[in-house]
Amino acid sequence: MKLSESYFYTLREDVKDEDSVSGNLLVRGGFVKKSSSGVYMFLPLGLRVKQKVEAIVRNAMNEIGSQEVSMPTLIPEDVYIASGRRDIIGTSMFTLKDRYQKPFVLGPTHEELFAQAAKMMVRSYKDMPVSLYQIQTKFRDEARPRFGLIRVREFVMKDAYTFDVDLSSSDKAYDKMFNAYKKVFDTVGLNYRIVRADTGIMGGLLSEEFQAITNIGEDTLVLGEDTGYASNLEIAENCARIVSDEPLLKREKVHTPDAKTIEEVSAFLNQDVSRFVKTLIYSVDDKLVAVCVLGDRDVNETKLRKLYEAVNVELADFNQVQAVTGARVGFAGPIGLEGIDIVLDKHIEGLRNYICGANESDYHYINANHTEFTPTHIADVSNVKEGDPNPDGTGVLSFSKGIEVGNTFKLGVKYSKAMGLDYLDQNQTLQDVYMGSYGIGIGRTIAAVVEQNNDDKGIVWPDVIAPFKVALVLINAKNEDHVRIANELYDTLCAQGIEVLLDDRQQRPGVKFNDMDLIGVPYRITLGRGLDSGEVEFKSRKEQEPTIVKLEDIVSKIKSL
């Protein structure tokens with residue numbers, strides 16, 4: 001690509017409405033441009049990177065025998081009603097109606113359609129295994145699009161689906177896909193961890209996430225370095241337990257005017273937060289539930305949802321809290337609550353003589369104990385903290401941040417049952433098909449690579465997905481001999497199959513160098529005054545200083561790299 005003849009621009013200043021390093025650099029480098037909140041256009045450089053990532057993914061899928069298809073993005077809403085996911089996905093789904101007022105959605109995910117496709121072929125156990133994939137645009141109405149390509153409303157995903165006769169066969173298909181994913185992320189050069197995760201709206205038997213390690217990751221990864229334990233925070237088991245042998249003391253009610261938060265009550269009573277139990281009122285599928293955790297712990301809403309096999313879990317509103325406790329928000333406690341479930345976190349099952357709300361505005365109890373109420377459930381419903389014991393039994397837990405770039409699900413028979421996907425086994429008995437679902441976010445992968453590979457000058461692309469491998473920087477575009485040599489070198493490299501960019505613009509050398517650093521081309525060849533003596537400057541993007549190379553040797557040097 002010759003820049004004097006091409007669509008190419010860069011921005012000198014940081015972009016005000018980009019809140020991530022990757023979003024800022026990709027926009028400044030002219031890779032992408034935001035067209036609306038959470039929606040980006042891919043420009044020539046960005047499209048080249050995107051196509052390279054897609055090619056790596058496509059190659060990995062083809063190697064394991066998965067066949068590519070293309071599903072529609074415009075889908076009848078009835079499809080998701082039939083699978084039971086319309087209400088689960090809810091407002092995240094873009095909806096519209098055709099001229100006949102028939103409801104459609106823009107596909108957020110395609111399990112249902114792949115199940116329909118499988119039904120067309122699968123009749124007998126002899127028709128499986130089957131593995132299909134696509135690289136397709138998805139749409140989700142994110143409430144808060146952010147972090148550039150990481151949290152968007154329109155995005156490209158590679159999603160794949162496997163269909164098998166039983167759990168054992170499905171596990172083998174899962175393992176093949178799992179290893180293919182590792183190959184993809186190893187190839188693009190990501191620093192990632194694989195963690196257990198909540199199955200979420202997908203449901204099924206197992207979910208594992210491929211998480212790129214970054215400072216801005218939306219997910220908190222819980223790691224036990226001594227054993228290799230890795231989990232998403234939302235499902236990490238809290239094995240910490242408080243055990244007390246204090247004698248039970250008599251409960252007292254104390255006046256705590258306007259002290260509603262744990263911090264305020266702690267300061268007012270001059271007690272450490274480890275002596276407090278906070279009670280939060282939740283609406284769990286419209287059922288009010290009181291959840292009791294230690295004062296410095298957070299309720300894990302994913303665990304609470306699983307405990308009740310619920311769809312929606314959210315904090316109750318002020319009116320609901322006041323109706324059930326008789327007090328303002330901030331003074332709820334488990335003692336004396338009636339007509340409501342009480343969930344006691346396992347972490348505090350052995351705690352004694354603690355402080356809690358008295359269900360009366362401006363009052364708390366001291367020396368409260370579990371003997372004074374009956375929990376409906378005693379369950380793990382709190383988040384782990386760094387330093388908690390590792391569930392694997394060795395060492396303690398540490399946290400890291402991650403961007404989810406891929407996920408794998410063992411769906412079991414959830415969708416096949418909903419969609420009527422069955423087959424005749426060897427005994428001519430109808431059986432449900434076992435399914436697996438697998439996704440890779442193309443844009444997220446690009447963003448994660450940039451988050452992990454940048455410096456104060458711009459992007460440092462891994463060679464394999466860089467938009468171009470080599471940049472030829474012509475210093476004097478008015479010198480006919482230099483222009484001729486630059487074009488000859490450009491043609492020679494192109495003929496060798498090397499992706500090369502020629503910066504032949506009428507710009508100052510500093511502008512050209514800054515632009516090549518910003519867009520992250522791995523290798524730069526500078527054609528300047530040294531050409532008169534048959535020499536060029538060669539510089540790797542990862543190195544600080546250039547080296548002098550004979551013009552006659554530069555092609556072989558590039559080929560060796």
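**Enclosure of helix α1, core packing and local backbone features**

The buried residues of α1 are covered by elements that include β1 (32–36), β2 (39–42), α11 (442–452), β25 (454–455), β26 (458–459) and α13 (509–519). In this predicted model, seven of the eight residues of helix α1 (residues 21–28) are buried, so that the helix is largely enclosed by the rest of the structure. The residues concerned are S22, G23, N24, L25, L26, V27 and R28, and the helix is followed by G30, for which phi is positive, near 75°.

One residue of this helix, L26, also figures in the largest nonpolar core, which comprises 61 residues and in which L26, F31, M61, F185, L190 and W461 touch the most other members. At least three residues of this core are drawn from each of domain 1 (43–236 + 399–451) and domain 3 (470–560). For M61, when neighbours within four places in sequence are left aside, the contacts are with S66, Y133, K158, A160, M177, A180 and Y181. A second core, separate from the one containing M61, has 25 residues, among them Y80, I89, L132 and L421. In soluble globular proteins, nonpolar side chains tend to be buried together.

An open sheet is formed by five strands in the order β16-β14-β15-β17-β20, with mixed pairing. The edge positions are taken by β16 (313–315) and β20 (377–379), each of which has a single partner strand, so one side of each is left without a neighbour in the sheet. From one strand to the next, the twist averages 30°. The pairing of strand β17 (residues 341–345) with β20 is in the parallel sense and extends over three bridges, and V343 stands opposite H377 of β20.

Several local backbone features were examined against a general background in which most residues other than glycine have a negative phi, and most peptide bonds are trans. The peptide bond from M128 to P129 is cis, with omega near 15°, and P129 lies in the loop between α5 (111–121) and β7 (130–139). Positive phi values in residues other than glycine include that of D286, near 70°, and that of N367, near 60°. D286 is located in the loop between β14 (277–284) and β15 (287–294), and it counts as exposed because its relative accessibility is 74%. N367, by contrast, is found within strand β19 (residues 363–368) and counts as buried, at 15% relative accessibility.

The cysteines were considered last. A disulfide is a covalent bond between the sulfur atoms of two cysteines, and under the criterion of a pair of cysteine sulfur atoms within 2.5 Å, the count comes to zero disulfides. For C292, the closest cysteine sulfur is that of C356, at 7.8 Å, which is too far for a bond. C292 is itself buried, with a relative accessible area of 1%, whereas C494 counts as partly exposed, at 34% relative accessibility.

Notes. Residues numbered from 1 in each chain as written. Predicted model: local features only at pLDDT ≥ 70, side-chain atom pairs only at ≥ 80, totals over all residues. Heavy atoms only, no water. Buried < 20%, exposed > 50% of the residue type's maximum accessible area, 1.4 Å probe, protein only. Helix = DSSP H or I, 4+ residues; strand = E, 2+ residues; numbered from the N terminus. Contact = heavy atoms within 4.5 Å. Pairing = 2+ DSSP bridges. Axes fitted to C-alpha atoms, helices over the stretch in contact; angles between N-to-C directions. Core = buried A, V, L, I, M, F, W, Y, C linked by side-chain atoms within 4.5 Å. Domains from an automatic or database assignment.
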